[in-house]
Amino acid sequence: MAVSNPRLTRRQFLKTSAAAATLAGWNLAATNRFAAAASRERVVVFQGVGLDSLHPYAYSGGGISGIWQHVIEPLVEMDFSRKEYIGVLAESWEFQGNKWTFHLRKKVRFHDGSPFTAKDVLFSLDRMINDRKSMQASNFAEVSSFEAPDDYTVIVTTKQPSAVLLERLNNRFIVSQTAVEKNGNLLDSYKTGTGPYKIVSWQRDGALALTRNDDYWRAKPEIKEVVIKTVKEESARVAGLLAGQADVISNLPIEEIPRVAKHPRTRVEKVPGYRMYFLTMNVAHKPFDNKLVRQAMNYSIDASVILKHIFEGNGDALNGPLSANMIGFDPAIKRYPFDPKKARELLAKAGFPNGLEVKLHLSPDRHLKGKEVCQVIAAQLGESGIKAELVPQEYPIYWGRDGVNGGKLAFYYAGRSAYDADTFYDQYFHTGVTKRTNYSNPEFDKLVQEEQRTGDAKKRVAVLQQAGRIIMEDAPIVPLYTLAEIYGVARNIVWKGNPNNEIVAADMKIR
C-alpha cells in the first residue's frame, strides 16, 4: 500500500494571524527585543500550559505539543480538513506486512545549518523509546527495530503488522543527533529543530520567545516574532487579550464569550474539539479494583448538567468511551443514566452500604473550568453516598511520574485528544502500556491487538466497537463530554482555530 502526500499541511488548513504586546517577567534580552508595542510582525499568545522543560520527549500533553510545533517537526501529522495523515518530514511511505518504509524529504536543514537525514530519525526514535525521561516510549511498544538503508529512507519493523503506526508517530518530533551530541548527549536544553521558528529565550513555565526561521524548508511564516506566555488564570488571559497584551488566548471562559465578542479589538473563535473529558479510576487502587464501585461512579454522574450550567451547551455528552468524530465510535453504545439509587445499590453489593470517601485529583489550570466541573462532580457523587475531596495540583506534578503517569493517582479528572480509538484504548487500557489506569482485560487486549493488525477500515472499526463495549461494561472511566475549543483572538488576526487545543503562529496572518 503506497501513500504519497502533497504538501498540504495543517498550516494550509488553519490559516491564521496575529499582532502583539508587552510582557513582564522574562529575561532582559528577550524583553529588549520582543516587548514592544503591537506590530505587524509579532504575535503574543497566552495559554494555560507552557514548556516546563526543554526536553522534547518529557511530556505527553496536547497543548505542549502545539508549542513544540513551532521549533521541531514530526514525520507525519493529522490534516484536520481531510481527516487523514499527511507527510511533514516524511514525504511518502509504504506499509506492507510488518514493515513501514518512510521516504524522507531532502534539502531540509536544522536551525544550525546541518542537514536532516535518516540518522536523525533513528536517533530520535531511539531517544523516544530509551531516554530515561521520555514519556513517549509506550507509543512504540510494537516496534522491534528501525534502520536506514540510505540517508533518506527509514524502515520501521514491527513485531506484527501494525495499521496504527502513523497515529503513534503523530506529533512525535525529530531532533538533531549532531546538536544533541554537542550538548553532552543530553536533551534537557534542546533548542534546534527544522521548524518555522527558532528559540530566542525560555523561562520554565513562563515565557518562550521565538524568531522566524528565514531558511525554513516550506514557505516561511508571515509572523516574524512570537511570544508564548504561560498564564494559568483564565481571568488574567482574558484581561491580557482585552488590554492588547495578548493576541490569541486559549480556553476562553464561557461567561466571557459575550464580552470578548463585543469588544472592538477582539473576537471569539470556536471550533468543534477532539478532546474528550472523563474521570479515570486506577484499578490498582482500592476501591476501584471493584467493578461494582466503578459502575456506581458511572451511575452517579450527569454530564448534561455540567454541559448546561458550566459550559452553556458548548459541547456534547459522551455516549460511551469515544466522541462521535473518532474512528471506532459506536452509535449503539449509550452512557450510564444518572441514577443515584442504582449507584447506592451497587455500592452496597460491593461492601460499602454506608457509601465511601474518595479523593478526586485535578489540575485546575490545565482544563477549562476544571475546578468548577469537579465541584459539580463532587456534589453529584454525594447524592450516591460518595464523599469526594478535591485535590488540585500543578500540572507537571499531576501529570508526571509522581501523579497520573506514575500510577500514583487513584481517581482523577482528565482530557485526551485522539482521532482514532486505538490511541486512547492502547494508552489507557491495554495491559502493561502505562500506569494511568492499570486496567487489564485479556479479551480487550486481544481485540486491540486484532485491530492494530487489521488493514481493512470497516473490519477494524467493528473490532474497535467490540472493545468499546467491554470498556463500558468494566467501567475504568466515567465518560463525560467533548467541548468546543474556544479561543479569544484579536480582530486583525486571520486564524481558524485548531480543533486540538493547539495554537501555532505559523498558521497566522495579520490583516
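1. V226 is buried in this predicted model, and its relative accessible area is 0%. The residue belongs to strand 13, which covers residues 225–230. A505 is 279 residues away from V226 along the chain, yet the two C-alpha atoms are separated by 7.1 Å.

2. A second buried strand residue is T153, with a relative accessible area of 10%. T153 sits in strand 9, residues 153–158. Leaving aside residues up to four places away in sequence, T153 touches T101, F102, H103 and L104, together with A118, E147 and A148.

3. H367 is placed in a loop, the one that runs between strand 17 (356–362) and helix 12 (370–383). Its relative accessible area is 5%, and H367 is buried because the limit for that class is under 20%. The residues that H367 touches, not counting those up to four places away in sequence, are E234, R275, Y277, Y413, A414 and G415.

4. Helix 9 spans residues 291–299, and seven of its nine residues are buried, so the helix is largely enclosed by the rest of the structure. The buried residues in helix 9 are V293, R294, Q295, A296, M297, N298 and Y299. The N-terminal end of helix 9 is capped by N290, with a side-chain oxygen 2.9 Å from the backbone nitrogen of L292.

5. A303 is in helix 10, residues 303–309. With a relative accessibility of 1%, A303 counts as buried. A303 touches A317, R335, L480 and Y481 when residues up to four places away in sequence are not counted. R275, one of the residues touched by H367, is 28 residues from A303 in sequence, and the C-alpha to C-alpha distance between R275 and A303 is 15 Å.

6. How many residues of helix 14 are buried? Nine of its nine residues are, and helix 14 (residues 421–429) is mostly covered. The buried residues of helix 14 are A421, D422, T423, F424, Y425, D426, Q427, Y428 and F429. At the start of helix 14, the backbone nitrogen of D422 has a side-chain oxygen of D420 within 2.8 Å.

7. Helix 14 also packs with helix 15: their axes come within 11 Å and cross at roughly 140°. The two helices are therefore oblique to each other, since the roughly antiparallel class takes angles over 145 degrees. The crossing of helix 14 and helix 15 is left-handed.

8. The contact of helix 14 with helix 15 involves D422, Y425, D426 and F429 from helix 14, and F444, D445, V448, E451 and Q452 from helix 15. Sorted by class, this contact has four nonpolar, one polar and four charged residues. D422 thus appears both in the contact with helix 15 and in the arrangement with D420 at the start of helix 14.

9. Helix 15 (residues 442–453) packs with helix 16 (residues 457–474) at an angle of about 160°, and the axes are 9 Å apart. That angle makes helix 15 roughly antiparallel to helix 16. The crossing of helix 15 and helix 16 is left-handed.

10. Which residues form the contact of helix 15 with helix 16? In helix 15 they are E443, F444, L447, E450 and E451; in helix 16 they are R460, V463, L464, Q466, A467, I470 and I471. By class, the contact of helix 15 with helix 16 has seven nonpolar, one polar and four charged residues. F444 and E451 meet residues of helix 16, and F444 and E451 also meet residues of helix 14.

11. Is E443 buried or exposed? E443, found in helix 15, is exposed, with a relative accessible area of 52%. This residue is nevertheless among those of helix 15 that meet helix 16. The C-alpha atoms of E443 and I470 are separated by 8.4 Å, and the two residues are 27 residues apart along the chain. I470 is one of the helix 16 residues in the contact with helix 15.

Definitions and conventions
Residues numbered from 1 in each chain as written. Predicted model: local features only at pLDDT ≥ 70, side-chain atom pairs only at ≥ 80, totals over all residues. Heavy atoms only, no water. Axes fitted to C-alpha atoms, helices over the stretch in contact; angles between N-to-C directions. Helix = DSSP H or I, 4+ residues; strand = E, 2+ residues; numbered from the N terminus. Parallel < 35°, antiparallel > 145°, perpendicular 65-115°, else oblique. Left-handed = near helix turned anticlockwise from the far one by under 90°. Contact = heavy atoms within 4.5 Å. Nonpolar A, V, L, I, M, F, W, Y, C, P; charged D, E, K, R; others polar. Buried < 20%, exposed > 50% of the residue type's maximum accessible area, 1.4 Å probe, protein only. Polar contact = N/O pair within 3.5 Å; in protein donor to acceptor, adjacent residues only side chain to side chain.
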